[in-house]
Amino acid sequence: MSHGDGKISGSAWVYGDNVDTDVIIPARYLTTSDPARLAPHCMEDIDASFASSVRPGDVIVAGANFGCGSSREHAPIAIKASGVSCVIAPSYARIFYRNAINIGLPILECAEVSSPGAVSRGDALEVDIAGGSIKNLTNGREFTASPAPEFMSELLDAGGLVPYVRRRLGCAG
Amino acid sequence: MTAPKDNPGGGMTLAEAIIASHTADSVAPGAVCRTRVDFAFANDITGPPAIEEFRRMGAVRVFDPERCAIIPDHFTPNKDIASAEGAKRAREFAREQGMKYWEVGRVGVEHAFIPETGNALPGEIIIGADSHTCTYGALGALGTGMGQTDLAAVWALGETWLRVPETLRVILRGAPSRWVGGKDLIIHLIGVIGVEGARYMSIEFHGDAAASLPQDDRFTMSNMAIEAGAKCGLFVPDETTMTYASARGTRDFTPVYPGEGARYARTVEIDASSVEPTVALPHLPGNARRARDCAHLEIDQVFIGSCTNGRSRDIEIAADMLAGRTVHERVRLIVIPASYEVYNEALERGWLRIFSEAGAAVCTPTCGPCMGGHLGILAAGERAVSTSNRNFVGRMGHKESEIILASPAVAAASAILGRVADPREVSGDTRPS
């Protein structure tokens, strides 16, 4: 859930290294980009319980190179539509990183979260997305995410890429 | 053009030099530059949502219809009603904008078709809403994949932002042996550096083995740069590049070269003469093994095609291997030339007859089963050898199916023997010890 102060809290869904976009949302569902139709299939090939059990505010905690593979923007769209409030991983594949920023899915870079014992499935997390602080309320450990690159913050401040282009094209709103 | 900040007077890597030729910003690794884009395209999956984003941006016309395209190659000829509706939206938008569009029956798999039709040229920046846009690095073009929102922004503005990548220099030395080509070399390399070994980086290929590689093998290697996490995988333009590009170019182009003293974040040397026919076992492209060490793995299906290995040289190698031989009775062999140029050459040179007589199914150009679209989906428990680029869980069908990535020579030999095979086992020359 969101606390309205930039902090979110939710349960952790923990995955390993190299979670690829084919398992985040398999190609057989790519005949649509409707978030509501993608969400029920999110992660289904590596975690059949995810889509039916994830709750709004929950957090995906993963290993390195999250989102590798295809350029499908359907992947961050499916994650966001499933209710996940943010993803935390040591590193992201570059296309996924751009796509997540562009559609407004917060992603935090943090090396420690994937170390053994840092976060287990179901742990209660509290995350300050803007400040980058991550608290594991279950085991009491705290982590700090790397700050977002300056240009990314600017893009996020503009409301994402769509409003940025609208402004460049001289469109209202 | 500005010299790298941290290397005044020094040369630029090829990626830095290409970006510098397209921006007014200062170019140095890590810097973010607003760059001009020479060509920008989507396919039938990424096109429809890109069109929606384009409209949401308030854009009315693409920046230059001659430099924007939609390539209907993934779910085409359309596999179901939903994909037909998507392709229809893409087609109507392309017509409305007057942008480049080719219909089923003429179009090919995007990363084979775009360079073949002279729409990706040395020195250019090419943005595609498809991760394998890095294929054009084989022509010394900075091709890189993005999502549909980024692509829509390029269609609207004719520019994008790029973070200048650090460069990994890969020096390929020695003469590869007869059955070793670009596919074996790139799987071997990813096995060495790992699937995130070049994350965010540009790979720049050098060395006598790189220089000796035919253009089609270079496309295969650049195509899979993304499987090491790279932004692009670049070959330095040479006579092979210029012969290919000059015969096909649809617009003027200026090749760009790395400078003397360019700074490389890392250099990896590969002795290409010692690389053997190599496969990638499930479920990562970096899970490299010698094909001959995998002979115990029986298979159900072989796919020869895709943007990685569906070009003329690939299909010729497969046909040579299959001539006078038959596909193992347990195996389904699916061959899909990646474009009509390739298909027609296969027709004229008798390769299609060889495949047909060997017991293979030959389909017209499409991405087909590569990403689990259609024309060869795997059931639970099935194992395939595929010349495509990804062997992720569920990529080609059921999540309990397996994909082994391989060259056309390994794939054809495997189809004949019904298991993973080293081409030398079939060809009879120099059996593996």
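**Exercise 1. Is B:Phe39 buried or exposed at 0% relative accessibility?**

Before solving, some ground rules. This is a predicted model, where local features need pLDDT of at least 70 and side-chain atom pairs count only at pLDDT 80 or more, while totals for chains, interfaces and linings use all residues. Residues are numbered from 1 along each chain as its sequence is written, chains are lettered from A and ligands numbered from 1 in the order in which they are written, and side-chain values use heavy atoms, with hydrogens and water left out.

*Step 1.* Get the cut-offs: buried means under 20% relative accessible area, exposed over 50%, and partly exposed in between (1.4 Å probe, protein chains only).

*Step 2.* Apply them: B:Phe39 has 0% relative accessibility, so it counts as buried. B:Phe41 is buried as well, with a relative accessible area of 0%.

**Exercise 2. Work out the geometry of the aromatic pairs.**

*Step 1.* Rings of Phe, Tyr and Trp (its six-membered ring) pair if their centres lie within 6.5 Å; planes under 30 degrees apart count as stacked, over 60 as edge-to-face and the rest as tilted. Run that rule over all chains and you get 14 aromatic pairs.

*Step 2.* Take A:Tyr92 and A:Phe96: at 6.3 Å centre to centre and 5 degrees between the planes, the pair is stacked. Both A:Tyr92 and A:Phe96 are buried.

*Step 3.* Now B:Phe39 and B:Phe41: their ring centres are 6.2 Å apart and the planes sit at 35 degrees, so this pair is tilted.

*Step 4.* Look for a cluster: ring pairs link A:Phe66, A:Tyr92, A:Phe96 and A:Tyr97.

**Exercise 3. Describe helix 5 of chain A and the residue just after it.**

*Step 1.* Helices (H or I, at least four residues) and strands (E, at least two) are DSSP runs, numbered from the N terminus. Helix 5 of chain A spans residues 94-103.

*Step 2.* Check burial: 10 of the 10 residues are buried, so helix 5 of chain A is largely enclosed by the rest of the structure. Among them are A:Arg94, A:Tyr97 and A:Arg98.

*Step 3.* Step past the end: A:Gly104, just after helix 5 of chain A, takes a positive phi of about 80 degrees.

*Step 4.* Follow A:Arg98 across to chain B: its charged end sits over the ring of B:Trp161, 3.7 Å from the centre. The test here is NZ of Lys or CZ of Arg within 6 Å of the ring centre and within 35 degrees of the ring normal.

**Exercise 4. Find where B:Val268 sits and what surrounds it.**

*Step 1.* B:Val268 is in strand 11 (residues 266-271) of chain B, and it is buried, with a relative accessible area of 7%.

*Step 2.* List contacts (heavy atoms within 4.5 Å), leaving aside neighbours within four places in sequence: the partners of B:Val268 include B:Leu168, B:Val170 and B:Leu189.

*Step 3.* Compare sequence with space: B:Val268 and B:Phe205 are 63 residues apart in sequence and 9.8 Å apart in space, C-alpha to C-alpha.

**Exercise 5. Track down some unusual backbone values.**

*Step 1.* Recall the background: most residues other than glycine have a negative phi, and most peptide bonds are trans.

*Step 2.* Go through phi: A:Asn18 is not a glycine, yet has a positive phi of about 55 degrees. A:Asn65 has a positive phi too, near 65 degrees, and is buried, with a relative accessible area of 1%.

*Step 3.* Go through omega: the peptide bond from B:Thr76 to B:Pro77 is cis, with omega near -15 degrees, and the one from B:Pro282 to B:His283 is cis, with omega near -5 degrees.
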